[in-house]
Amino acid sequence: MKRFLRIGRKVMQLAAVVAALAVLFIYAMFQGGFVSWFLFYSVTTLAVMQLLLLVYPLRSLKAERRLGADMLSFNGHTEAVVTLEKRIPLPLMYVKIRDHQPYGVRDWEASAETLVFPFFQKRVSYSYSLRGRRRGKHSIDYLQVRSGDLFGFVEKDYDISVSSTVVVLPRMRKLANWNTAADNSSESVSLSQRIKNESVNVAGVRDYTPGDRMANIDWKVTARAGKLVTKEFEAEKGEGYFLLLENAADMSAEPFEAAVEFAASLTEYAYQTKMPVGYGVTASEQPLQQPDTSKEHFQRIYQGLAYVELIPETEASPFLRKAPGLEALIYVTPVLTNTRIKELKQWAGQKRSIIVALLPDESGFSRRESVEALRHANIHIYYVQPGDAGFEVL
């Protein structure tokens, strides 16, 4: 039906142009003189251009889109350059170009459309800005072009398929202001340091070297040996800890996104401190990524966090089966299910170091019984509250 309407519109446009030429020709024949014939030939020139435009196939246009970067940080910018090339050397009075811009990479301060007057130009181009607004993989699939004459008699549009992909990484928030009491004492230490210390086991001791933290000195061994001795953790041996993100529980998108941002922030902290870290999600058949400190390894984790999706209707397989040899685990979740509590307690019974980073869900932090059950199993629980300045511990 749409095809017949499009053909009918073209026939009407062609009839209007021919009728205008016929009227002007009759006027020039009867009126005579320079002015009438000048008007007729001038309008004939415009009419010929309109007829050429009417039969000009916009599908013959070739479009190309070049991106300054195909991966953006949250709120990061990059430039997109769109080039339009004519394969048929016929004049076009004007071309309006509008690039398809998904919401996740849309920059409200920069328009993705432009108006150009190419006439006999073979190639035109323009640029606009993309901005990372939403975590995930975003596809820019097509380019819309529209052309016509200056009087509005002829107007046509066409969508040119041009595929590009932009990956937006999760937002990373500051961790520097995280403070929590250590073992209910008055001494406060940063949560990020507590995570580093508690998520690994002590593998041995070594001689103190300048730059080692005073909190890592083994004072008992120091007293016996008569020299400063520092605890050596498994993380220093390259084993590190695993970061496990829950994506298979019954929760809404908002708390899940907060959990993803927390996991990304913790991964960034590990990268800055050169601490080995592994990564995995509960609703996945893929094995967990083994801890490492290379740049490529952390890039894979960032990409995994950018791609991860919430699958609330899927019952994830127990993570005990996927990684039976894990010794240190940070479990990030906004919810605590009975299945997960059972697994975590089973892990704790095997003398493994476990930290649960609990973010608020729709009901807030009202899971006292579940938390107490985990604490009785010697599992460390941290309430993590997202804020504008970063994450806070409640």
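**View 1. Arg340 and Glu246, a buried salt bridge.** With a relative accessibility of 4%, Arg340 counts as buried in this predicted model. Its partner Glu246 is buried as well, at 2% relative accessibility. The two residues form a salt bridge whose closest N and O atoms are 2.7 Å apart. Arg340 belongs to helix H8 (residues 338-348) and Glu246 to the loop between S13 and H5, so the salt bridge ties together parts of the chain that lie 94 residues apart in sequence.

**View 2. Strand S14 and its neighbours.** How many of the residues of strand S14 (residues 277-281) are buried? Five of its five are, so the strand is mostly covered under the 20% cut-off for relative accessible area. Val277, Tyr279 and Val281 are buried on one side, and Gly278 and Gly280 are buried on the other. Strand S13 (residues 241-245) runs parallel to S14 and is joined to it by five bridges; here Leu245 has Val281 as its bridge partner. Between S13 and S14 the chain passes through helix H5 (residues 253-272), making a right-handed β-α-β crossover. Strand S15 (residues 289-292) runs antiparallel to S14, with two bridges between them, and Gln289 in S15 stands opposite Tyr279.

**View 3. The open sheet S1-S3-S6.** Here three strands pair in the antiparallel sense, in the order S1-S3-S6. Strands S1 (62-67) and S6 (123-131) are at the edges with a single partner strand each, so one side of each has no neighbour in the sheet. On average, neighbouring strands are turned by 20° against each other, direction ignored. Nine bridges pair S3 (residues 77-85) with S6, and Ala80 stands opposite Tyr128 in S6.

**View 4. Two salt bridges that involve strand S4.** Asp99 and Arg65 form a salt bridge, with 2.8 Å between the closest N and O atoms. Asp99 is in strand S4 (residues 94-99) and Arg65 in strand S1, 34 residues apart. Are these two residues buried or exposed? Both are buried. Lys96 of S4 forms a salt bridge with Glu113 of strand S5 (residues 113-116), where the closest N and O atoms are 3.9 Å apart. Glu113 is partly exposed at 35% relative accessible area, and Lys96 is partly exposed at 36%.

**View 5. A salt-bridge network and a nonpolar patch.** Glu85, Lys122 and Arg123 are linked in a network of salt bridges; the count for the model comes to twelve salt bridges. Elsewhere, Phe25, Ile26, Met29 and Phe30 make a nonpolar surface patch of about 480 Å². Met29 is found in helix H1 (residues 2-31).

Notes. Residues are numbered from 1 along each chain as its sequence is written. This is a predicted model: local features need pLDDT of at least 70, side-chain atom pairs count only at pLDDT 80 or more; totals for chains, interfaces and linings use all residues. Side-chain values use heavy atoms; hydrogens and water are left out. Patches are made of residues with over 30% relative accessible area and no salt bridge: like charges are joined within 9 Å, nonpolar side chains (Val, Leu, Ile, Met, Phe, Trp, Tyr) within 5 Å. Accessible areas come from the Shrake-Rupley method with a 1.4 Å probe; for residues, only the protein chains shown count as cover. A salt bridge is a side-chain nitrogen of Lys or Arg within 4 Å of a carboxyl oxygen of Asp or Glu. Helices (H or I, at least four residues) and strands (E, at least two) are DSSP runs, numbered from the N terminus. Two strands pair if DSSP finds at least two bridges between them. Axes are lines fitted to C-alpha atoms, for helices over the stretch in contact, and angles run from 0 to 180 degrees between N-to-C directions. Buried means under 20% relative accessible area, exposed over 50%, partly exposed in between (1.4 Å probe, protein chains only). A crossover is right-handed if, with the strands pointing away from the viewer, the path from the first strand over the helix to the second runs clockwise.
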